[in-house]
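Trainee: Could we go through this structure together? I have a few short questions.
Mentor: Certainly; please begin once it is displayed.

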Amino acid sequence: MLNFSIARLPRIEFGSGIFHQLPDIVTRYGTRILLVTGAHSYKNISGWQSFIDALNHRAISFEHCIVAGEPSPALIDDTVKALADTSFEVVVGIGGGSALDAAKALAGLMNVQRSVMDYLEGVGPELPYKGPSIPLIAVPTTAGTGSEATKNAVLSVQGAHGFKKSFRHEKLVAEYAVVDPELLSSCPPNVIAANGMDALTQLLESYVSIKSNAFTDTLALSGLQAVRDALVPLYQHCTQQNDKTTSKVNEYREKMAYAALLSGITLAQVGLGSVHGLASPLGAFYPIPHGVVCGTLVAAATDMNIKSMQTREPDNKALAKYAHVAGILCQKHFHDKESAHNALIQLLTEWTEGLNLPRLSSYGLQEAALDKVIANSRGSSMKTNPVVLTDTEIKQLLLSRL
């Protein structure tokens, strides 16, 4: 019962203030780096100038690539082409999931000099990736995607004919994940809310995944406890503009950074579920932030999973797992699974509403377009959902969040 296989993970350096060790870590790989950041977050890092000064002091040269929004295949290909004559010894990605995904893709392609479309799953020839990849150091500044611990670089093209797919390979796994909770201090409340619900969804979906195992279950439950204790209080502190330097707020940041990291580890090992299956087409066809999709759908999708299993698969072990999660998140003992399931759905709904996550219609999604979304939702994430949902069931859960 305890048989499992765990794929490669980064070396993880976790702790408040650990960002100051980044120059020393970079030095271990060489003196020529490709620095990939988001468009804004790096400017708000209190130790940013000290980091740049430390690089200069060590005679480390760098090219700075800025990623504004979710990275596209064109952005990756254009950057690789523009820097084709430059040799790098390490790639350092600093930012949210989009910056880290771009950093992974660039690390994988700078020495290969092929279009990322050759390797992107589901939209191209899907050639086998053989590398070599440049070593990557991933430094998250948000607590949501867990991209610092995964092997996939998510790239997207938005619009009616858009897509959101992964360039995925173990060679893309970061050498180091440097996770400093203090970097979350620059996140506005809406980012805290959306990314936090992304981490929650990833932990919950990996826990009930058909590929879950004892190792990932332990991590997922630990992460869910951290989200329970930190997400809503951290959001409330940010929205009320309270003193963000108190030890309590620092504790909230630590717990959310920890939860996000664990969510990346678990999803990388055992996959996700229906929410992320839907996030792919929704994020491709509409300008819906990934975390918003997760936070908006997690309660409805959980409810649908439970009802579908109760109807068709009453012995499905995920029903007991959902009840166990209810006990953890609600901090209450339930005498029967039905009461636990109802309490779990109620709590997830309350969090969605309390964190002010908008409905899908706010981004232009209409009922007439749901069939197209559903038709494009059967990717890898949907395949590890604990129950196979019908098109009618998926439409029902989407309708509940329009």
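Trainee: Where is the place of Leu2?
Mentor: This is a predicted model, and in it Leu2 lies in the segment before β1, which spans 11-14.

Trainee: Is Leu2 buried or exposed?
Mentor: Leu2 counts as exposed because its relative accessibility is 60%.

Trainee: Which residues form a nonpolar patch on the surface with Leu2?
Mentor: Phe4 and Phe215 join Leu2 in that patch, and together they have about 300 Å² of accessible area.

Trainee: Changing topic, how many disulfides does the structure hold?
Mentor: The structure holds zero disulfides.

Trainee: Why is there no bond at Cys187?
Mentor: The closest cysteine sulfur, in Cys238, is 8.1 Å from the sulfur of Cys187, so the two are too far apart for a bond. The cut-off for a disulfide is 2.5 Å between the sulfur atoms. Cys238 is likewise in no disulfide.

Trainee: And are those cysteines buried or exposed?
Mentor: Cys187 counts as buried at 7% relative accessibility, and Cys238 counts as buried at 8%.

Trainee: Next, where is the place of Asn195?
Mentor: Asn195 is in helix α5, residues 189-208. Asn195 is buried, with a relative accessible area of 15%.

Trainee: What does the side chain of Asn195 make a polar contact with?
Mentor: Its partner is the side chain of Thr142, at 3.5 Å.

Trainee: Which residues does Asn195 touch, not counting those up to four places away in sequence?
Mentor: Asn195 touches Thr142, Ala143 and Gly144.

Notes:
Residues are numbered from 1 along each chain as its sequence is written. This is a predicted model: local features need pLDDT of at least 70, side-chain atom pairs count only at pLDDT 80 or more; totals for chains, interfaces and linings use all residues. Side-chain values use heavy atoms; hydrogens and water are left out. Patches are made of residues with over 30% relative accessible area and no salt bridge: like charges are joined within 9 Å, nonpolar side chains (Val, Leu, Ile, Met, Phe, Trp, Tyr) within 5 Å. Accessible areas come from the Shrake-Rupley method with a 1.4 Å probe; for residues, only the protein chains shown count as cover. A salt bridge is a side-chain nitrogen of Lys or Arg within 4 Å of a carboxyl oxygen of Asp or Glu. Helices (H or I, at least four residues) and strands (E, at least two) are DSSP runs, numbered from the N terminus. Buried means under 20% relative accessible area, exposed over 50%, partly exposed in between (1.4 Å probe, protein chains only). A polar contact is a pair of N or O atoms within 3.5 Å; within protein, one must be able to donate a hydrogen and the other to accept it, and residues adjacent in sequence count only if both atoms are side-chain atoms. Contact means heavy atoms within 4.5 Å.
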